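Here are some worked exercises to try with a structure viewer open beside you. Have a go at each task before you read its solution.

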Amino acid sequence: MEGKRLYRSRNDRMIGGVCGGLGQYLGVDPTIVRVLFAVATLAGFSGILFYLILLLVVPLEPGA
């Protein structure tokens, strides 16, 4: 049995597909994830750094 895996989205992407992939994985709208990253960045948290780390670590969704 194969569990649910986190991938960067190929279809629902604005920059690298991280928010689209997180949205699919968590079962929420990717726009909510994007807003949370923006709020975290503006609030002084490391939203951009966290995004860049995920961009490097999370694999791209398999497919055509």
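The exercises below go through helix contacts, single residues and a pocket in this predicted model.

**Exercise 1. How α1 meets α3**

Task: Work out whether α1 and α3 are roughly parallel or roughly perpendicular to each other, and find which residues make the contact.

Solution:
- Step 1. Start with the axes: those of α1 and α3 come within 10 Å and cross at roughly 80 degrees.
- Step 2. Angles from 65 to 115 degrees count as roughly perpendicular, so α1 and α3 are roughly perpendicular to each other.
- Step 3. Now look at the residues in contact: α1 brings Val18, Cys19 and Leu22, while α3 brings Tyr51, Leu54 and Leu55.
- Step 4. Sort the residues of this contact between α1 and α3 by class, and you get six nonpolar, no polar and no charged residues.

**Exercise 2. How α2 meets α3**

Task: Describe the crossing of α2 and α3, then sort the residues of their contact by class.

Solution:
- Step 1. The axes of α2 and α3 cross at roughly 130 degrees and come within 7 Å.
- Step 2. An angle of roughly 130 degrees makes α2 oblique to α3.
- Step 3. On the α2 side you will find Phe37, Ala40 and Thr41, which meet Gly47, Ile48, Phe50, Tyr51 and Leu54 of α3.
- Step 4. By class, the contact of α2 with α3 holds six nonpolar residues, two polar ones and no charged ones.

**Exercise 3. Val18 and the buried side of α1**

Task: Decide whether Val18 is buried or exposed, and list what Val18 touches beyond its sequence neighbours.

Solution:
- Step 1. Locate Val18 in helix α1.
- Step 2. Buried means under 20% relative accessible area; Val18, at 5% relative accessibility, therefore counts as buried.
- Step 3. Leaving out residues up to four places away in sequence, Val18 touches Arg8, Tyr51, Leu54 and Leu55.
- Step 4. Compare sequence and space: Val18 and Val58 are 40 residues apart in sequence, and their C-alpha atoms are 7.8 Å apart.
- Step 5. Widen the view to the helix: Val18, Cys19, Gly20, Gly21, Leu22 and Gly23 are buried in α1, and the buried residues of α1 pack against α2 and α3.
- Step 6. Move on to Gly27, just after α1, which takes a positive phi of about 75 degrees.

**Exercise 4. Arg8, a charged residue to check**

Task: Arg counts as charged; is Arg8 buried or exposed, and which residues does Arg8 touch?

Solution:
- Step 1. Arg8 sits in the segment before α1.
- Step 2. Its relative accessibility is 15%, so Arg8 counts as buried.
- Step 3. Not counting residues up to four places away in sequence, Arg8 touches Arg13, Gly16, Gly17, Val18, Leu54, Leu55, Val58, Pro59, Leu60 and Glu61.
- Step 4. For a further distance, take Arg8 and Val28: they are 20 residues apart along the chain, with 15 Å between their C-alpha atoms.

**Exercise 5. Phe37 and Pro62**

Task: For Phe37 and for Pro62, say whether the residue is buried or exposed.

Solution:
- Step 1. Phe37 lies in helix α2, and Pro62 lies in the segment after α3.
- Step 2. With a relative accessible area of 12%, Phe37 is buried.
- Step 3. Exposed means over 50%, so Pro62, with a relative accessible area of 54%, is exposed.
- Step 4. Phe37 touches Cys19, Leu22, Gly47, Phe50, Tyr51 and Leu54, setting aside residues up to four places away in sequence.
- Step 5. With the same exclusion of residues up to four places away, Pro62 touches Tyr7 and Arg10.
- Step 6. Pro62 and Ser9 are 53 residues apart in sequence, yet 9.1 Å apart in space from C-alpha to C-alpha.

**Exercise 6. The largest pocket**

Task: Find what lines the largest pocket, and which element gives the largest share of the lining.

Solution:
- Step 1. The largest pocket holds about 210 Å³ of space.
- Step 2. It is lined by 16 residues, of which Ile15, Cys19, Arg34, Phe37 and Tyr51 are the closest to its centre.
- Step 3. The elements α1, α2 and α3 each give two or more residues to this lining.
- Step 4. The largest share, four residues, comes from α3.
- Step 5. By class, the lining has eight nonpolar, five polar and three charged residues.

Technical notes: Residues numbered from 1 in each chain as written. Predicted model: local features only at pLDDT ≥ 70, side-chain atom pairs only at ≥ 80, totals over all residues. Heavy atoms only, no water. 1 Å grid on protein atoms, 1.4 Å probe; cavity = no way out; pocket = protein on both sides within 12 Å on 5 of 7 lines; lining within 4 Å. Points joined across faces, edges and corners; volume = space filled by probe spheres on them. Nonpolar A, V, L, I, M, F, W, Y, C, P; charged D, E, K, R; others polar. Buried < 20%, exposed > 50% of the residue type's maximum accessible area, 1.4 Å probe, protein only. Contact = heavy atoms within 4.5 Å. Axes fitted to C-alpha atoms, helices over the stretch in contact; angles between N-to-C directions. Parallel < 35°, antiparallel > 145°, perpendicular 65-115°, else oblique.
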